[in-house]
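Biologist: I am new to this structure and would like a close look at a single part of it. Please pick one helix, say what surrounds it, and then work outward from there.

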Amino acid sequence: MRALLSISLRSALNRRGTLMLVVLSIALATALLLSLERLRTDIRSSFSQAVSGTDLVVGARTGPVQLMLYAVFRVGGATNNISMDSVRAIAQHRAVAWVVPLSLGDSHRGHPVLGSSTDYFKHFAYGDKQPLVLAQGRPFAATLDGLYEAVIGAEVAQSLGYGLGQRITLSHGLAPSVGGDLASEHADKPFTVVGILARTGTPVDRTVHVSLQAIEAIHLDWAGGAPLPGMRIAPEFARKFDLEPKQVTAALVGLKSRAAVFNVQRFVANYEAEPLLAVLPGVALDELWAAVGLGEKALLAISALVALVSLASLVAVVLAGLNERRRELAVLRAVGAGPRHVLLLLAAEGALVTLAGALLGAAAAAAAVLAAGPWVQERFGISLAASAPTAAQWGLFAAVLCAGMLASLVPGWRAYRMSLADGLSPRT
Amino acid sequence: MLTLKNIRYAWPGADHDTLVLDELHIPAGRTVFMHGPSGCGKSTLLGLMAGVLLAQSGSASFLGREWRSLAGGARDARRADHVGVIFQQFNLLPYLSVLDNVMLPCRFSALRAGRCAGGTAAAARSLLQRVGLPQTLWQRRADALSVGQQQRVAAARALIGQPELVIADEPTSSLDAARRDDFMQLLLGECAAGSSTLVFVSHDERLAARFDQRLSLPELNRAQQAA
């Protein structure tokens, strides 16, 4: 009844001081639930979008999840390298169409540095088989003349404010150089930015790309992760050395036909010269999700508990105030409201408070995504989409509303009984 | 119009009857002063008259229909359509404006809304004028008014849509002498204008003179006499 709804609304507004705390706690619970769900979906889609069109990822025999994490997502470190000979052997397999070797281990101001061949720009794809596109400039040449050339991702350019022609130096290791730790800097061999990639929403954005030869060049006078004392090779002289890479971290493999994927995987696993591992990206990701699934469920359960607690407090607040409202209910009885109208009135009040809290929480979750999105993108390469709510989010929102309406029936029922017992003359 | 016969009523869980009544008949249009001290069963009787309570035995018929013959929802609807109630105090919903409070019965009863010439809001305004409430107060929250003003608004609320029966449960007990006289004049005048039956319950016998009929509840209520 419209009359009842309007009376409910006014009644709830009248007690908005007390109810505001309840609204806030429901908002918090809703925001938690919705944000978690958004994070879960976006992390999954970010990861699965990070690489496409690649049939196998090959690396040292670690584990599928770890290999994916360091080779594709540039997170964590490799335990071992693989030799370039093995990569060539794989490239020669009759089912293999292309191989892109990857060399990781250096960084620039916290961003990972990737050494690869020019094939990287030809074969690497992400999302829906989208290739890499240069927003400015060109790919590095990987020739001796253009040895110290770098192509940076969109996030690197934006957060560090780099443009074409910027001179940068790389650091050894993955940790950001804190307080200018020059000892681990390849300071004597600066690079020039020749290209900036368009934004992809993947870890490519925060990567600095150089050629494999350049990686060799900057490590010529290094051994075991530190510069050799007394031995300094100037940048120009480095060109005179043999800069073909002997070892790489991993390799991306594309096949001529998808049907051959298990054959090639077995070939790599049985490769005698070196312990290798080839993983299908999709399979590795599924393993990853299975591993984190338990943690996600725990977080979801905690958020659900928060929601329950806030709804319980709603019920408690309304119940506590019912005694004072006996006269109010008698007035309603007098003008013709029946006990079931009284039940509806109280239930509607609770439902309105829940709705207000849920809407506030949804807005807060959306705002949090907008606010934290750029930071998360920068640090982890995960793009939080400020897009329309997913079906799962709608489901959670609806669940909070339904739970609130059900919970409101408790004070509604109490008011019903009181109203029946009191009639026109409440004993207060 | 209102007939009660052989009524026995006991509150749930009570070991003896609160109200035992042989016969009470009130014809339409009459103003009745019901007198009795506190605790003699006044509220119970009013509840039975308005169909809020159902007697364990006996018949209570209002406008030719037994209250008992109707289901709970139907009783509430009938009460909304034909009965106006004024309490001793706290008559209004504090979070609604004065005007909204007066219009409240019409939101629950289409019949009464239909009887309002020119619409519910217009009828409410005209009633508020007749009870002498200044226009500046009409949009104020109900709890911002003084007790005397609130009681006048309560009268307006009970009278909107010309209900056939108006029940007043000690409406002047919280008013001072001057206000009381004004209120009595107002109430009786409006009931006469709308041809409503008025059942006025009070312990103040000085008011009895203004009414058509005077009843003493302790005399009527045999449960009281037995105790």
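Modeller: In this predicted model, helix α3(B) has eleven of its eleven residues buried, so it is largely enclosed by the rest of the structure. A residue counts as buried here if 20 or more other C-beta atoms lie within 10 Å of its own. The buried residues of α3(B) are B:Val98, B:Leu99, B:Asp100, B:Asn101, B:Val102, B:Met103, B:Leu104, B:Pro105, B:Cys106, B:Arg107 and B:Phe108.

What covers these residues comes from both chains. From chain B, the cover includes α2, β6 (83-86), α4 (110-115), α5 (120-130) and α6 (147-159). From chain A, the cover includes α1 (2-14).

That leads to the contact between the chains, which takes 25 residues from chain B and 17 residues from chain A. On the side of chain B that touches chain A, the elements giving two or more residues are α1 (42-49), α2 (72-82) and α3 (98-108) of chain B. Helix α3(B) is thus listed there, while α2(B) gives the most to this side, with six residues. By class, this side of chain B has 16 nonpolar, six polar and three charged residues.

Elsewhere in chain B, two loop residues are worth finding in the picture. B:Leu63 sits in the loop between β4 (57-62) and β5 (65-66) of chain B. Although B:Leu63 is not a glycine, its phi is positive, at about 55°. B:Leu63 has 15 other C-beta atoms within 10 Å, so it is partly exposed. B:Glu170 belongs to the loop between β7 (165-169) and α7 (177-194) of chain B. The phi of B:Glu170 is also a positive value in a residue other than glycine, near 50°. With 18 other C-beta atoms within 10 Å, B:Glu170 is partly exposed.

Now to chain A, on the other side of the contact. Its domain assignment gives domain 1, made of 2-47 + 292-422, and domain 2, made of 56-279. The C-alpha centres of domain 1 of chain A and domain 2 of chain A are 50 Å apart. The contact between them takes four residues from domain 1 of chain A and eight residues from domain 2 of chain A. The side of domain 1 of chain A that touches domain 2 of chain A has no nonpolar, three polar and one charged residues.

Two helix pairs in chain A can be followed in more detail. Two packed helices are described by the angle between their axes and the distance between the axes.

The first pair to look at is helix α3 (residues 64-71) of chain A and helix α10 (residues 281-322) of chain A, whose axes come within 8 Å and cross at roughly 110°. Angles from 65 to 115 degrees count as roughly perpendicular, and α3(A) and α10(A) are therefore roughly perpendicular to each other. On the α3(A) side, the contact is made by A:Pro64, A:Val65, A:Leu67 and A:Met68. On the α10(A) side, it is made by A:Pro281, A:Val283, A:Ala284, A:Leu285, A:Glu287, A:Leu288 and A:Ala291. By class, this contact of α3(A) with α10(A) has ten nonpolar, no polar and one charged residues.

The other pair is helix α11 (residues 326-334) of chain A and helix α13 (residues 391-422) of chain A; their axes come within 10 Å and cross at roughly 70°. α11(A) and α13(A) are therefore also roughly perpendicular to each other. The crossing in which α11(A) passes α13(A) is right-handed. A:Arg326, A:Leu329, A:Ala330 and A:Arg333 of α11(A) meet A:Ala415, A:Met418, A:Ser419 and A:Asp422 of α13(A). The residues of this contact of α11(A) with α13(A) divide into four nonpolar, one polar and three charged.

Two single residues of chain A complete the tour. A:Ala320 lies in helix α10 of chain A. Because A:Ala320 has 11 other C-beta atoms within 10 Å, it is exposed. A:Ala320 and A:Pro411 are 91 residues apart along the chain, and their C-alpha atoms are separated by 9.2 Å. A:Ser159 lies in helix α6 (residues 154-160) of chain A. A:Ser159 is partly exposed, with 17 other C-beta atoms within 10 Å. A:Ser159 and A:Val400 are 241 residues apart in sequence and 39 Å apart in space, C-alpha to C-alpha.

Note on methods. Residues are numbered from 1 along each chain as its sequence is written. Chains are lettered from A and ligands numbered from 1 in the order in which they are written. This is a predicted model: local features need pLDDT of at least 70, side-chain atom pairs count only at pLDDT 80 or more; totals for chains, interfaces and linings use all residues. Domain bounds come from an automatic or database domain assignment. Two residues are in contact if their C-beta atoms, placed from the backbone, lie within 7 Å. Ala, Val, Leu, Ile, Met, Phe, Trp, Tyr, Cys and Pro count as nonpolar, Asp, Glu, Lys and Arg as charged, and the others, Gly among them, as polar. Helices (H or I, at least four residues) and strands (E, at least two) are DSSP runs, numbered from the N terminus. Axes are lines fitted to C-alpha atoms, for helices over the stretch in contact, and angles run from 0 to 180 degrees between N-to-C directions. Angles under 35 degrees count as roughly parallel, over 145 as roughly antiparallel, 65 to 115 as roughly perpendicular and the rest as oblique. A crossing is left-handed if the near helix is turned anticlockwise from the far one by less than a right angle, and right-handed if clockwise. A residue is buried if 20 or more other C-beta atoms lie within 10 Å of its own, exposed if 12 or fewer, and partly exposed in between; C-beta atoms are placed from the backbone.
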